[in-house]
Amino acid sequence: MSNEEKSVGQALEEKLLTKRKNGLLEVDEAEIERADAFCEGYMKFLDDAKTEREAVTASIALAEANGFTPYEFGKVYKPGEKVYCNVRNKSLILCVIGKNSVANGVKIVAAHIDSPRLDLKQHPLYETSDFCLLKTHYYGGVRKYQWVTIPLALHGVIFKADGSGVTVNIGEDENDPVFTITDLLPHLAQEQSKRTLAEGIKGEELNVMIGSRPFKDDNVSEKIKLNVMKLLNEKYGIIESDFISAELEVVPAFKAKNVGLDCGLIGAYGQDDRVCAYPALEAILDCDNPDDTAVAVLTDKEEIGSVGPTGLNSDYLRHFLESLADMADVPAYSVIRNSKCLSADVSAAFDPTFTDVHDPRNASYCNYGLAMSKFTGSRGKSGCNDSSAEFVSYVRNVFDENKVLWQTTELGRVDLGGGGTVAAYIGNMDIEVVDVGVPVLCMHSPFEVTSKLDVYMAYKGFSAFIK
Ligand code: MN
Ligand code: MN
């Protein structure tokens, strides 16, 4: 039916009613090709940056290759200059100085680079039943049963008593060994199978297999543990007590993969929230001579409440904004209260198998574009930033004007659960903020799934916001 042949009702329907559509049916082939090309870089980033520290290192390398230099507090920068501020090696602020005075506020995109994982305890190493294992304490919201019987890698840093540090990365190279957590065979799991899913694997059962061969000496009691420590000492120069001042993270050892015959999806560990952090990073790297100063924040500690000096509940972003104010000789409050922010974090994608956890009218769908969440929280929006209608109107207009496919989202059915993001902490600073991000299937699992089109729309959306 052509335009002229539309019935009155059809024309009215088109004008008045909201229709949600699969984005793949809305964009042309060239746009899909751009999305696929963008995601090649994203998938490499996923493999290179499985921890917050690795994400900072990888992001700085990309930033320096794009003309960014280390930010010096107190120095005066000119419009167009590109800087980055390394926050204790675990968070990163990137900034492009704008033409307008910072007294007009800055545009911020904030994503997080920590992900749920298993951290080693401070006394991790022990020998039992002719094996050597590592005790862990999980970080963030993990479903513990998902972390057994998969290949695992060990990433992190160890600082020795003399203050010198070593970087650890075992399990990623093709020639590296991997680690794993054992689980029962079904034949002997009758008792275990009666546990609830939440208790199916308990926290103290997340013990990582790290060795099985003894150091042959009858005068030694813990021969396998000694052999493991000897190998670690040869490789890293550490002794057992150095675990006390280490941050070692156990993460899935597999790499990012295309999912589906049509390769439309990406499966990988750590997409919450690299799926927003990488587009935010690319958006700021591509940002040249913006009107307002543009800022991308890649933060640590979101998964455990944005706490500590590398989390956004601390003052590190405020201090950076204050220094921009000092540089321009304007009051810090004018910079802060006039700023605008996208809190870039993932949303729960509508799951085709577990459909009843969602309100289908308000869920986000894979391939429907960047998802905006006016509020998060739980039990009546508690603990969240509930964005103002004015600011949501501003952001939707930016997206529409720049042909960004976007949708709205809410985290599941009312009272089923909930969650939060950094938006609450940024809002508390007196900055207008709204959550936007990429829908994720299997969120917080070792193998999270996203749509390539949505990842690209995140990049387009963030770019449009800060340009
Ligand atoms: Mn997140
Ligand atoms: Mn999360």
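This briefing describes two metal sites, several salt bridges, one helix and one surface patch in the structure above. The model is a predicted one. It places two manganese ions, ligand 1 and ligand 2, 3.3 Å apart, with Asp 272 bridging them. Elsewhere, the structure holds 26 salt bridges, and some of these are described below together with the elements that they link.

**The manganese ion (ligand 1)**

- The manganese ion (ligand 1) is coordinated at 2.1 to 2.7 Å by His 112 through NE2, by Asp 272 through an OD atom, and by Asp 345 through two OD contacts.
- Along the sequence, the donor residues of this ion follow the spacing H-x159-D-x72-D, and because Asp 272 lies in helix α5 while Asp 345 lies in the loop between β15 (340–344) and β16 (347–348), the pair ties together parts that are 73 residues apart in sequence.
- Both Asp 272 and Asp 345 are buried.

**The manganese ion (ligand 2)**

- The protein donors of the manganese ion (ligand 2) lie 2.0 to 2.6 Å from it, and they are Asp 272 (OD), Glu 303 (OE, listed twice) and His 444 (NE2).
- The spacing of these donor residues in sequence is D-x30-E-x140-H, and since Asp 272 belongs to helix α5 (residues 271–285) and Glu 303 to the loop between β14 (294–299) and α6 (316–328), the pair ties together parts that are 31 residues apart in sequence.
- Asp 272, which coordinates both ions, is buried with a relative accessible area of 3%, and Glu 303 also counts as buried, at 13% relative accessibility.

**Salt bridges**

- The side chains of Glu 172 and Lys 50 meet in a salt bridge with an N to O distance of 3.0 Å; Glu 172 sits in the loop between β8 (165–170) and β9 (180–181) and Lys 50 in the loop between α2 (29–48) and α3 (52–65), so the pair ties together parts that are 122 residues apart in sequence.
- Within that pair, Lys 50 is buried with a relative accessible area of 3%, and Glu 172 counts as buried at 11% relative accessibility.
- A salt bridge of 2.9 Å, N to O, joins the side chains of Glu 247 and Lys 90, and this pair links distant parts of the chain, with Glu 247 in strand β11 (residues 246–252) and Lys 90 in the loop between β2 (82–87) and β3 (91–96), 157 residues apart.
- Glu 247 is partly exposed, with a relative accessible area of 32%, whereas Lys 90 counts as buried at 8% relative accessibility.
- Lys 225 and Glu 240 meet through their side chains in a salt bridge of 2.8 Å, N to O, which links Lys 225 in helix α4 (residues 223–236) to Glu 240 in the loop between α4 and β11, 15 residues apart.
- A network of salt bridges links Glu 52, Arg 117, Asp 119 and Glu 249.

**Helix α10**

- Helix α10 (residues 452–466) has 15 residues that should span 21 Å at 1.5 Å a residue, and its end C-alpha atoms are 22 Å apart, which agrees.
- Because 15 of the 15 residues of α10 are buried, the helix is largely enclosed by the rest of the structure.
- Ser 451 caps the N-terminal end of α10, where a side-chain oxygen lies 3.2 Å from the backbone nitrogen of Leu 453.

**A nonpolar surface patch**

- Leu 12, Leu 16 and Leu 17 make a nonpolar surface patch of about 320 Å².
- Leu 16, which has its place in helix α1 (residues 8–16), is exposed with a relative accessible area of 58%.

Methods:
Residues are numbered from 1 along each chain as its sequence is written. Chains are lettered from A and ligands numbered from 1 in the order in which they are written. This is a predicted model: local features need pLDDT of at least 70, side-chain atom pairs count only at pLDDT 80 or more; totals for chains, interfaces and linings use all residues. Side-chain values use heavy atoms; hydrogens and water are left out. Donors are N, O and S atoms within 2.8 Å of the metal (3.2 Å for Na, K and Ca); water is not among the atoms, so sites may look incomplete. Helices (H or I, at least four residues) and strands (E, at least two) are DSSP runs, numbered from the N terminus. Buried means under 20% relative accessible area, exposed over 50%, partly exposed in between (1.4 Å probe, protein chains only). Patches are made of residues with over 30% relative accessible area and no salt bridge: like charges are joined within 9 Å, nonpolar side chains (Val, Leu, Ile, Met, Phe, Trp, Tyr) within 5 Å. Accessible areas come from the Shrake-Rupley method with a 1.4 Å probe; for residues, only the protein chains shown count as cover. A salt bridge is a side-chain nitrogen of Lys or Arg within 4 Å of a carboxyl oxygen of Asp or Glu. The expected span of a helix is 1.5 Å times one less than its number of residues. A polar contact is a pair of N or O atoms within 3.5 Å; within protein, one must be able to donate a hydrogen and the other to accept it, and residues adjacent in sequence count only if both atoms are side-chain atoms.
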